[in-house]
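Hi everyone, thanks for coming. Let me walk you through a structure you probably haven't seen yet, so have a look at the screen.

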Amino acid sequence: MIDMQTGEHALSGFRQSRRWAVIGALSLLAGCAVIPKGSVPVAEPTDKAPDADVLPADAGRHRVALLVPMTGANAAIGQSVANAATMALLDTNAANLRITTYDTATGAGTAAARAISDGNKLILGPLLADDVTQVSNVARTSRVPMITYSNDSAVASRDVFVMGQAPGQSIARVLGFAKSRGIKSVAAIIPTGDYGQRSTAGLSEAARAQGIAVTSIETYDRGNTSVASAVRRAKDKGRFDALLIADGSRIALQAAPLAGKGVRVMGTELWSGDGTIAKAPAMRGAWFATVSDQRFGQFEKSYTSRFGATPSRLATLGYDSVLLTLNVARGWKPGTTFPTAKLFDPQGFIGLDGVFRFTATGMAERAMEVREVGAGTFATVSPAPNKF
């Protein structure tokens, strides 16, 4: 059932196999709309604290908190993630979980404290690295682990699991493919800030592993017009076979025409799903690596049918985190500490975004594909592996 008064979801009876428990839900996505429109009333997620006088004791249910922004600048993303979590619960027809949504926009640390006070033994979210730090400071003292949607490997630990796509993994994947196609040297333009620092570290490590020469790494401030200057500085320092643009479409469209004849342009996971990349002639032949969209299309249709809106691309993280929780929940006694050791399964798990597993540091390692930009389209030139 779905408790309309509290905005929580009650689930029980999950009886699928431990490792591939999610396959049944994924087959629903492959074959038809996940939930026929209007067939089941869906409660809108809420940050309202559970009322102890109304809610059941939940002695047979796992209490899980979903921490996402439900108000403020990122409210649309938070709502999309919460809606996707609802879909995952309904698709699995389970009833041993009760998930409550808490709004991080009013203070992530405060939301975490409320969630723990309400008896939740696992936290899904939050989205932002700064919020992860605030939440972990509260959750760790109560031995409540987190499965977060951040992509910042710096916040990962043995009790903070990071599900987001790390730029270093995307860069390593595209560099490995580039080497197989004869690329021997690369220059890069990388923004200042945390994402840029992670991209720089990822590029340096991947280039060493692949034996590719890095001729130059030039940084720029996203807030000014230094992108062209960064490309010129890279070219002044010597010839290179490829130019890595570790940024989104706006910067890529400025930089790509300046790369020079015969230079292969490469990008990161930030290009995924961005149609403006495919429409620009200067981007033809560019490569980038990201998680597979093989299942996302059907998920998007089902989500739109259900909620009347297009989901954020990050919504799959909400869906997959619930499937992951249900997978691990087998054998987890309600009211006890979440069994984080099961998250380190070396064979990994499967979700809408493909297979993934957590490293010893708590960072998700994801199977990625390489796409090439065509004339208005993207073509997969190196598929993502379906197992580790």
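Let's start with one pair of residues: leucine 66 has threonine 101 of β4 as its bridge partner. That's part of a longer match, where strand β3 (residues 62-68) and β4 run parallel and share seven bridges. Two strands count as paired here if DSSP finds at least two bridges between them, and helices (H or I, at least four residues) and strands (E, at least two) are DSSP runs, numbered from the N terminus.

Before I go on, a word on the source: this is a predicted model, with residues numbered from 1 along each chain as its sequence is written. Local features need pLDDT of at least 70 and side-chain atom pairs count only at pLDDT 80 or more, while totals for chains, interfaces and linings use all residues, and side-chain values use heavy atoms, with hydrogens and water left out.

Back to β4, then. How many of the residues in β4 (97-103) are buried? Seven of seven, with buried meaning under 20% relative accessible area, using a 1.4 Å probe and protein chains only. In a regular strand, side chains alternate between the two faces of the sheet. Here Leu97, Ile99, Thr101 and Asp103 point one way, Arg98, Thr100 and Tyr102 the other, and all are buried.

Now another sheet. Three strands make an open, antiparallel sheet in the order β13-β14-β15. The edges are β13 (349-351) and β15 (364-366), each pairing on one side only. Three bridges link β13 to β14 (residues 354-358), and one partnership is glycine 351 with glycine 354. Helix α11 (residues 315-329) packs on this sheet and touches β13, β14 and β15, where contact means heavy atoms within 4.5 Å.

On to the pockets. A pocket is an open set of points on a 1 Å grid over the protein atoms alone, where a 1.4 Å probe fits, with protein on both sides within 12 Å along at least five of seven lines; lining residues have an atom within 4 Å of a point. The largest has about 760 Å³ of space. It has 27 lining residues, and Tyr149, Asn151, Gln165, Leu270 and Leu314 lie nearest its centre. Helix α11 turns up again here, giving two or more residues to that lining, as do α4 (129-139) and α6 (194-210). Which element gives the largest share? That's α6, with three residues.

The second largest pocket holds about 430 Å³. Its lining takes at least two residues from each of α5 (167-180), α6 and β15.

Definitions and conventions. Axes fitted to C-alpha atoms, helices over the stretch in contact; angles between N-to-C directions. Points joined across faces, edges and corners; volume = space filled by probe spheres on them. Buried < 20%, exposed > 50% of the residue type's maximum accessible area, 1.4 Å probe, protein only.
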